Amino acid sequence: MKVKLVSFDAAHTLIDVNWHPGGFAVLNAQEAGLDLDPVPAAELYDRLLRSRWLHFRELNLTRDEALTDDFWNELTSDWLGQLGLSDIDAVALSERGRQRMYGPDSPCFRLYDDTLAGLDAVAALGLPMVVLSNWDISLHRTVRSLGIEGRFLKVFASLEHGVEKPETELFRVVEQATGYAPEEILHVGDHPLDDLQGALGAGWHAALLDRGTELASRPRIPSLRHVPEAIAWIG
């Protein structure tokens, strides 16, 4: 059966991700004029985040961006307090970080050079597309900030559904939401287990993006520009 829907992973497939929570928190604070010791401050932030990660996962199930923003605000407040900077406006600092993270000069997220060309190539074939990524609710904000939201039928962030690739259940979420059968979907991603084996295990077709190679050889493609070639493999 021919491909009728193309699914793309986000992190390291469509989007080059350079986000390290503690490091970014320190960078944001320093750019706001705060004087702190960067290494221990970053380590403290990361420890606080790890201790609250289960709660963050639970908040993602609500699919409420305001609730998750409040989570980061509270985390920042507690972080500043433990650094002896409780007089700093934590909400304002968090909002400053969000503006930086999702702004036009974001140090955290950018499209790869082949992203738009690959999406254009699939669109030229008349095929609808979705994003399916192991990510939190902020995936929607990230996709919007990069100007590609309108290219997709839907964007699926794993933490909103309480299950992650390579679990088959997450692939079933896409099928139920879009109405396409497993054999009608091609998934494109960079991870051999989460993307390739996960999709194949769910009965989907799959192409493994490996930008370290030069030539396409099923199931590997060297660039998103080669997605039409992967579609042609299926027939």
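D9 touches L14, L132, S133, K165, H187, V188, G189, D190 and D195, leaving aside residues up to four places away in sequence. The model in which these contacts appear is predicted. D9 itself belongs to the loop that runs between β1 (5-8) and β2 (15-17). The protein chain around this residue is built from eleven helices and eight strands.

**Residue D9**

- D9 counts as buried because its relative accessibility is 5%, and the cut-off for buried is under 20%.
- Among the residues that D9 touches is S133, and the side chains of D9 and S133 are joined by a polar contact of 3.3 Å.
- The contacts of D9 also include K165 and H187, as well as D190 and D195.

**Helix α1 and what follows**

- Helix α1 covers residues 21-31, and L27 is found in this helix.
- The buried residues in α1 are P21, G22, F24, A25, V26, N28 and A29.
- These buried residues of α1 pack against three helices, namely α2 (38-51), α4 (65-82) and α5 (90-101).
- L27 has a relative accessibility of 31% and therefore counts as partly exposed, a class that lies between the limits of 20% and 50%.
- From C-alpha to C-alpha, L27 and A42 are 9.3 Å apart in space, while 15 residues separate them in sequence.
- G33, just after α1, takes a positive phi of about 95°.

**Overall dimensions**

- The protein chain has 235 residues and a radius of gyration of 19 Å, which agrees with the value near 18 Å for a compact globule with that number of residues.
- The C-alpha trace of the protein chain spans about 65 × 35 × 30 Å along its principal axes.

**Burial, contacts and surface**

- Buried residues make up 49% of the 235 residues in the protein chain.
- Of the contacts in the protein chain with a separation of 6 or more, 63% are between residues 24 or more positions apart.
- The protein chain has an accessible surface of about 11000 Å², and carbon and sulfur atoms account for 50% of this area.

**Charged side chains**

- The protein chain carries 36 negative side chains and 21 positive side chains.
- The centres of the positive and negative sets lie 5 Å apart.

Definitions and conventions
Residues numbered from 1 in each chain as written. Predicted model: local features only at pLDDT ≥ 70, side-chain atom pairs only at ≥ 80, totals over all residues. Heavy atoms only, no water. Helix = DSSP H or I, 4+ residues; strand = E, 2+ residues; numbered from the N terminus. Rg over C-alpha atoms; globule rule 2.2 N^0.38 Å. Buried < 20%, exposed > 50% of the residue type's maximum accessible area, 1.4 Å probe, protein only. Contact = heavy atoms within 4.5 Å. Areas by Shrake-Rupley, 256 points an atom, 1.4 Å probe, with all protein chains shown as cover. Lys, Arg positive; Asp, Glu negative; His and termini not counted. Charge placed at Lys NZ, Arg CZ, Asp CG, Glu CD. Polar contact = N/O pair within 3.5 Å; in protein donor to acceptor, adjacent residues only side chain to side chain.
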